[in-house]
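Please open the model in the viewer and keep the selection tool at hand. The stops below are given in the order in which they may be selected.

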Amino acid sequence: MVLNWIWISFFAIAFLMALGSTIFEGNLQVWGDIMNASFDQAAFAFEISLGLTGVLTLWLGIMKIGEKAGVIEFFGRLISPFFSRLFPGIPKGHPAMGAIFMNISANMLGLDNAATPMGLKAMQEMQSLNKQKDTATDAMIMFLVLNSSGLCLIPISIMMYRAQGGAANPTDIFIPILLATAIATLVGLTALCLKQHIRMDRVIWSWLGGIAFTVGIITYLFTRLPQEKVEIYSTFGANFILFCVIICFLATGIRKRIRVYDIFIEGAKEGFKTAVLIIPYLVAILVGIGMFRASGALDAFTGWVGSLVNTLGFDSQWVGALPTMLMKPLSGSGSCAMMLDVMKANGADAFVSKLAAIVRGSTDTTFYILAVYFGSVGVSKTRYAAGYALLADITGAVAAIAIAYIFF
């Protein structure tokens, strides 16, 4: 229901903004801009789905091998003490547990292309347990909030963008992003545990403590590396681990004497079907976002906030990164474009450019995740998923601002 009204509001606000622009400013071009944005975004949605087809085909094929070989079940048992408490509706040993673990692990390594197919697989497994097929279960909502909070230990792409933008130290935002995304995840997870009446026992606190400890260790290790080595080693580590997972799946499949090639083809066919299935959901959300942005509503809001902050006498440097903050839950490519635009206008080493990069890495793209993941299994009633995912987004943005002022 929340997602339904948010989607409608994109169109309503865009129409009112365009109407006001025409009446008070005589701007007739805005209507063409809005409609062109709708066409461009619809085409872009199809391009995204087309681009995902190959990745989905590959990784759902690999996941099918891992499932048949028992590796996914092994991962499920490995994290069962923690996940059985976060996802009480999923039976122990169910394939959904392993798929969830693989998805979250890929997200933590910054491997978005691998994480999405694994996440879609997890949603399919959870949907098999769902008695009301059009309504999100508590487990699905927990999974979506964990995804949208976007705990990422290695923000590879952002460091590469900063390097391309001419930053003196492209990796100087590594630790700030790590801290901001950890805070967003812990707040989102804790709030949802309270909502779903999940008891925060010793096991959950131990795992959360383990996450905090891991973040601390990574922070310590990477602060001791020369700046030019951080990106090299983080990229190597993420891709090395990912390739080891593939080899592990194949080797286990061979040891179990299953026909790995045939199993891969079986899973790959599911990937193609899934890519086609998500097209309508992507078109719906991206067109709404595109029209909202083209109407000038986003620029108007950021301008108003900047004026308000200056009037109140507070430092307003952070307002320049506000478009990135607002676009982040709506569109990954849009927030990336906003970040790059800030870097281009102010220089990669400006405070606002570093803040935009931290915001970009603090959480994931909420509405894209909701559209793709729920759409892949035909869930239309998302209940309170959007609200708690946005809580994580807001937390990540606020944490990013505070951390940027502390570090820079």
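A residue counts as buried when its relative accessible area is under 20% and as exposed when that area is over 50%, with partly exposed in between. The model on display is a predicted one.

**First stop: a buried loop residue**

Select Ile-278, in the loop between α12 (260–277) and α13 (279–294). Its relative accessible area is 0%, so Ile-278 is buried. Next, add Val-377 to the selection: 99 residues separate it from Ile-278 along the chain, while the C-alpha atoms of the two are 9.0 Å apart.

**Second stop: two loop residues with positive phi**

Select His-197, located in the loop between α9 and α10 (202–223). Although His-197 is not a glycine, its phi is positive, at about 60°. Is this residue, His-197, buried or exposed? With a relative accessible area of 73%, His-197 is exposed.

Then move to Arg-257, which lies in the loop between α11 (227–255) and α12. Arg-257 also is a residue other than glycine with a positive phi, here near 60°. Its relative accessibility is 79%, and Arg-257 therefore counts as exposed.

**Third stop: the pair α9 and α19**

Two packed helices are described by the angle between their axes and the distance between the axes. Select residues 174–195, which form helix α9, together with residues 385–407, which form helix α19; they pack at an angle of about 150°, and their axes are 8 Å apart. Because of that angle, α9 is roughly antiparallel to α19. The crossing in which α9 passes α19 is right-handed.

Now display the side chains at this contact. From α9, the participants include Ile-175, Leu-179, Ile-183, Val-187 and Leu-192. On the α19 side, Tyr-388, Leu-391, Ala-399, Ile-403 and Phe-407 are among them. By residue class, the contact of α9 with α19 consists of 16 nonpolar residues, three polar and one charged.

**Last stop: the cysteines**

How many disulfides does the structure hold? The number is zero. Select Cys-244, which is in no disulfide; the nearest cysteine sulfur belongs to Cys-248 and is 8.9 Å away. Since a disulfide requires a pair of cysteine sulfur atoms within 2.5 Å, this separation of 8.9 Å does not qualify. Cys-248 likewise is in no disulfide, and its nearest cysteine sulfur is that of Cys-244. Colour both by accessibility: Cys-244 counts as partly exposed at 36% relative accessibility, and Cys-248 counts as partly exposed at 35%.

Terms used:
Residues are numbered from 1 along each chain as its sequence is written. This is a predicted model: local features need pLDDT of at least 70, side-chain atom pairs count only at pLDDT 80 or more; totals for chains, interfaces and linings use all residues. Side-chain values use heavy atoms; hydrogens and water are left out. Axes are lines fitted to C-alpha atoms, for helices over the stretch in contact, and angles run from 0 to 180 degrees between N-to-C directions. Helices (H or I, at least four residues) and strands (E, at least two) are DSSP runs, numbered from the N terminus. Angles under 35 degrees count as roughly parallel, over 145 as roughly antiparallel, 65 to 115 as roughly perpendicular and the rest as oblique. A crossing is left-handed if the near helix is turned anticlockwise from the far one by less than a right angle, and right-handed if clockwise. Contact means heavy atoms within 4.5 Å. Ala, Val, Leu, Ile, Met, Phe, Trp, Tyr, Cys and Pro count as nonpolar, Asp, Glu, Lys and Arg as charged, and the others, Gly among them, as polar. Buried means under 20% relative accessible area, exposed over 50%, partly exposed in between (1.4 Å probe, protein chains only).
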